[in-house]
Every structure is written in structure tokens, then in C-alpha cells.
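Subject: Structure for you to look at

Dear colleague,

I am handing over the structure we spoke about, and below it I have set out what was found when it was analysed. Please read the notes with the structure open beside you.

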Amino acid sequence: MLGIIKQKVGASAPVFGDYMQRLSPIASAMRHFSSASKDMTVRDALNSALDEEMAADSSVFIMGEEVGEYQGAYKITKGLLHKYGPERVVDTPITEAGFTGLAVGAAYHGLKPVIEFMTFNFSMQAIDHIINSAAKSNYMSAGQINVPIVFRGPNGAAAGVGAQHSQCYGAWYGAVPGLKVIVPYSSEDARGLLKAAIRDPDPVVFLENEILYGESFPVSAEALDPNFCLPIGKAKIEREGKDVTITAYSKMVGFALKAAEILEKDGINAEVINLRCLRPLDRDTINDSVRKTNRLVTVEEGFRQHGVGAEICATVVEDSFVYLDAPVERVAGADVPTPYAANLERLAFPQVTFVLRILFVRLRELVTDLLNSRFTRVNLVGCISLDLKE
């Protein structure tokens, strides 16, 4: 470990190479390839991104619990210890505060650490280093200190892991100036955005989802190129529509797309936005969509109060209020610690049916108002549900 920290800054790549690397996200965003050449799991997408960035830049190294000999708790770092050795794939003790502080110090000296948290719930042990050391140093040094570091790992709920291992940290870290917060959904998201995060000169919080690791998505020929990157801070319209905008991130994008497919059978054309990044948030794409559809539903796994949906709602009210034909609806996690019982756990997080309930009721409301019908609101363990009163 001491050997890699003592490396001289800038010795790993020529200036021209660094310049081209910084241009790569912009160039990739300008190219469009429609053909999907293969399917790839999110796990393999992350692994290939790490492998290619380590091969391209010797200042990149990985550190965390079980990332080496065990090849990662979720096998994201599979094969990397054998390929790059223990100086660049560093197994640590169970001490997040210790190895995160060490990695921030290494980033001060020009290295590019990628820190793996076994779950982002454990990042709370290291939150002082993430926020007070990594996020603020560039500002407090008047731009003299860059902190090129990535904090990555599974975020949010998995299944049956209880309240202390199920929190979504999107809104937590998204509120901190100096951090960039990425929330990938598909394999192309994971691959392109992780590569961009590693190349970025600022600290990046990269929030993955355990349930998505084994999911396969089509990956374009462009995305398989070693130089492929996605621009940080740019959302993706996963499905175009004209009747309502649905924003989501990470696993919730899949739920939103399923809801949109069901809505289409009833003649409702929903536009689904994959946010991809929470900080910076692509406000332009969100507002442009709302100005077209005139309705907005936000979907997130995190808590409703002070959540990502609340920020999106405020943005739309500030910039596109006159375009709204109905109040913004938020679908979010229940305002309770995550239950351990499977039936209650399911009720504690948004489901496809929750999104449909919101949308169908809003549309039926227009009709029933004419018939002087009334509505009752029912609270299901903190999750919103609206039912017609016959």
C-alpha cells in the first residue's frame, strides 16, 4: 500500500492522454449507436469498467473489505486482484473510517482510489471523511486540492436485511455541495457512468443496487468501446410520452417502465425519465418533459420527507408551474424504519401498483368530479394509496 501512495503524481499518463480522457464523455454523448450487440449484467458492466480504467491509468486502485481475495462481496471486483496485484486491489480490515480516510489522503496526492462499501449503510462510519474531507477540500483550498475519488457500493433495500441495511442515501449525499451523486439503472448506465466517475477530478458517490447486479440489459456496440463514457449530470428519457412524466432512479426506473407499459394498454402515454444522477440534477430534461406532458409523478425508494422527489417538485413549481394541469404526485418509501417481515417490507417500498394507483386516480378524478363523487385517502403503512369511494 505504501508503494502506491509514494508514486509520483502525473507519472502514469501523458498530458495529451489526460486531455483526451476528459473529452471522452463529451464525445460519447455526441455519438449515437442504435444496435445492441450483446446482453450484459450490471455486475459485469461494473467489473469491466473497473478493469479497463485500471488498465488505462496506473493511479487507479481499489480498496475495501473483501475486494481482493474474496473478489468482492457481490463479485464486482472478480479477477482484479490476480490481474493487478495486492498494491492496487487492497483488502482492508472492517474499519470504514480508517480506509476511507486513508483513500482520501491518497487522492490528495494525485492517486484515484475507488472505495467499495459492502453496503452504503456502512458509509455512515466514514461520513466525516466523505463530507468534511473529500467534498469540501477543493473549495477550502481555493481550488488547489483536487480529490479524484469514487465511493461505490450497493444502496437502498435488498431483501430481508432489516432496517439498518436498507436505507437509500440518494437524498443524504445529494444535499452536499462538492459531491457528485450517480444512481445507475442499466448495464450501460453502470459501465459508462462508473468510467466517467473514475476519470472525474472531484469526489463521486456511486450508488448501485444489489437487486440489479444480476439483471441483464442490452449494451450497444458503442458502450463496449474502452473509451466509452456517459456525461455526469445528464438524465435519459427511457420512454417517450405525452400524457404524464414519471421520474425515477436506480431500481425504481424498472418499476416506472412497467407501470408505463400497463398504462399504455389504457391509452395513457407516459414519459419515463431515468435521472442517472442526483447531483448535478438534470433540471432541464425534467422541466422540458413536464412542459410537454403537463403532469408529473416522482418515484423513489427513499423517504418522502426531504427526498429527491421533493427537490424535483420544487424545481418544477419554480420553473414550470404554469404548465401543470394537476398537482405533482410523489411515490416514495414509507416513513418508518424498514420492517424485517417480508409482507411489511414490501409495503414499505414503492411498487408498480402504487404508481398505477396514483395515475389512475388522478385521471378518474377528472371524470368523477363531474359526477360529484368523493374520494377517501387510505394510508398503507405510510405509503400513499388513493381509492375511489363508490
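Which strand gives the most to the lining of the largest cavity? That strand is β13, which covers residues 296-303 and contributes three residues to the lining. Please keep in mind throughout that this is a predicted model.

**Cavities**

The search covered the whole structure and found five cavities of 30 Å³ or more. The largest cavity holds about 100 Å³ of space, and of the 14 residues that line it, those closest to its centre are S166, E301, F303, T338 and F349. When the lining of this largest cavity is sorted by class, eight residues are nonpolar, five are polar and one is charged.

The second largest cavity holds about 60 Å³ of space. Its lining is made up of N155, C168, E208, N209, Y249, S250, K251, M252, E300 and E301, and the elements that give two or more residues to that lining are β13 and helix α10, residues 251-265. Here the division by class is three nonpolar, three polar and four charged residues. You will notice that E301 is among the residues closest to the centre of the largest cavity and also appears in the lining of the second largest cavity.

**Backbone details**

One residue from the lining of the second largest cavity, S250, deserves a look for its backbone as well, since it has a positive phi of about 55 degrees although it is not a glycine. S250 sits in the loop between β10 (244-248) and α10, and it is buried, because its relative accessible area is 7% and the cut-off for buried is under 20%.

N294 is another residue other than glycine with a positive phi, in this case near 70 degrees, and it lies in the loop between α11 and β13. On the other side of α11, which spans residues 283-293, the loop that joins this helix to β12 (277-279) contains P280. The peptide bond between R279 and P280 is cis, with an omega of about 0 degrees.

**Aromatic residues**

The count of aromatic pairs comes to eight. One of these pairs is formed by Y169 and Y173, whose ring centres are 6.2 Å apart and whose planes stand at 40 degrees to each other, so that the pair is classed as tilted, the class for angles that are neither under 30 nor over 60 degrees. Both partners count as buried, Y169 with a relative accessible area of 0% and Y173 with one of 1%. These two tyrosines also belong to one aromatic cluster, in which they are joined by F99, F117, F120, F151 and W172.

**Two residues to compare**

T100 lies in helix α5, which runs over residues 96-108. Is T100 buried or exposed? It counts as buried, because its relative accessibility is 0%, and the cut-off for that class is under 20%. Not counting residues up to four places away in sequence, T100 touches I115, F117, A126, H129, I130 and F151, and two of these, F117 and F151, are members of the aromatic cluster described above. T100 and D128 are 28 residues apart in sequence, and their C-alpha atoms are 9.5 Å apart in space.

D39, by contrast, is exposed, with a relative accessible area of 54%; its place is in strand β1, residues 36-41. Once its neighbours within four places in sequence are left aside, D39 is in contact with F217 and P218. The C-alpha atoms of D39 and V219 are separated by 5.7 Å, although these residues are 180 positions apart along the chain.

**The chain as a whole**

The secondary structure comes to 14 helices and 16 strands, and 52% of the 390 residues count as buried. Among the contacts in the chain with a separation of 6 or more, 81% are between residues 24 or more positions apart. The accessible surface of the chain comes to about 17,600 Å², and carbon and sulfur atoms account for 55% of it.

With best wishes

Technical notes. Residues are numbered from 1 along each chain as its sequence is written. This is a predicted model: local features need pLDDT of at least 70, side-chain atom pairs count only at pLDDT 80 or more; totals for chains, interfaces and linings use all residues. Side-chain values use heavy atoms; hydrogens and water are left out. On a 1 Å grid over the protein atoms alone, a cavity is a set of points where a 1.4 Å probe fits but cannot get out, and a pocket is an open set with protein on both sides within 12 Å along at least five of seven lines; lining residues have an atom within 4 Å of a point. Grid points are joined across faces, edges and corners, and a volume is the space filled by probe spheres set on the points. Helices (H or I, at least four residues) and strands (E, at least two) are DSSP runs, numbered from the N terminus. Ala, Val, Leu, Ile, Met, Phe, Trp, Tyr, Cys and Pro count as nonpolar, Asp, Glu, Lys and Arg as charged, and the others, Gly among them, as polar. Buried means under 20% relative accessible area, exposed over 50%, partly exposed in between (1.4 Å probe, protein chains only). Contact means heavy atoms within 4.5 Å. Accessible areas come from the Shrake-Rupley method with a 1.4 Å probe; for residues, only the protein chains shown count as cover. Rings of Phe, Tyr and Trp (its six-membered ring) pair if their centres lie within 6.5 Å; planes under 30 degrees apart count as stacked, over 60 as edge-to-face and the rest as tilted.
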